[in-house]
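Visitor: I have a model here and some questions about its packing. Can you walk me through the contacts and the core?

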Amino acid sequence: MVRNEIHRQTEELVTSLTLYLPRLTEALLRAASSIQEGREAEGLSLVAEMTEGFGWVTESLDVLHQAWGEAAPEAHMHVAALNERLSQALAAVETYDLVLLADVLQYELAPEVEAIETWLSGLRQIN
């Protein structure tokens with residue numbers, strides 16, 4: 001009974017992530033584009049709005065890793081990759097290097113979020 005409940009909850013979490021991640025990718029690309037086009041305030045505002053979302057994504061991946069353990073080692077790898085790229089974005093914000101920030105959003109974070117989407121899609125096909 002408990003195992004079925006855990007399975008149901010993890011499936012719901014995967015579904016929520018699957019629905020949210022494409023929106024996060026879109027927001028990353030929109031923020032990068034805004035910065036590149038000289039609308040820095042708009043881009044930085046989008047970045048600020050995404051911080052809570054990234055927190056939820058990394059927490060969710062940690063939950064999946066804990067629930068599935070060795071069956072989902074990629075969850076931990078994705079968390080580490082996200083944290084590394086988020087650190088790069090934070091460093092760019094702290095130094096107000098908006099060119100670097102836009103590059104990190106577009107060429108580092110967006111592809112990592114897409115990689116997580118692909119991984120989740122593969123998990124859904126297995127389960």
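Visitor: Which residues is Thr58 in contact with, leaving aside its neighbours within four places in sequence?
Guide: This is a predicted model, where local features need pLDDT of at least 70, side-chain atom pairs count only at pLDDT 80 or more, and totals for chains, interfaces and linings use all residues. Residues are numbered from 1 along each chain as its sequence is written, and side-chain values use heavy atoms, with hydrogens and water left out. Contact means heavy atoms within 4.5 Å. By that rule, the partners of Thr58 are Val79, Leu82 and Asn83.

Visitor: Is Thr58 buried or exposed?
Guide: Buried means under 20% relative accessible area, exposed over 50%, partly exposed in between (1.4 Å probe, protein chains only). Thr58 has 11% relative accessibility, so Thr58 counts as buried.

Visitor: Which residues of helix 3 are buried?
Guide: Helices are DSSP runs (H or I, at least four residues), numbered from the N terminus. In helix 3 the buried set is Ala75, His78, Val79, Ala81, Leu82, Arg85, Ala89 and Ala92.

Visitor: Which helix gives the largest share of the largest nonpolar core?
Guide: A nonpolar core is a set of buried Ala, Val, Leu, Ile, Met, Phe, Trp, Tyr and Cys residues joined through side-chain atoms within 4.5 Å. The largest one has 37 residues; Leu24, Leu28, Met50, Leu61, Leu105 and Leu120 touch the most other members. Helix 1 (2-36), helix 2 (40-68), helix 3 (73-94) and helix 4 (98-126) each give two or more residues. The largest share, 12 residues, comes from helix 4.
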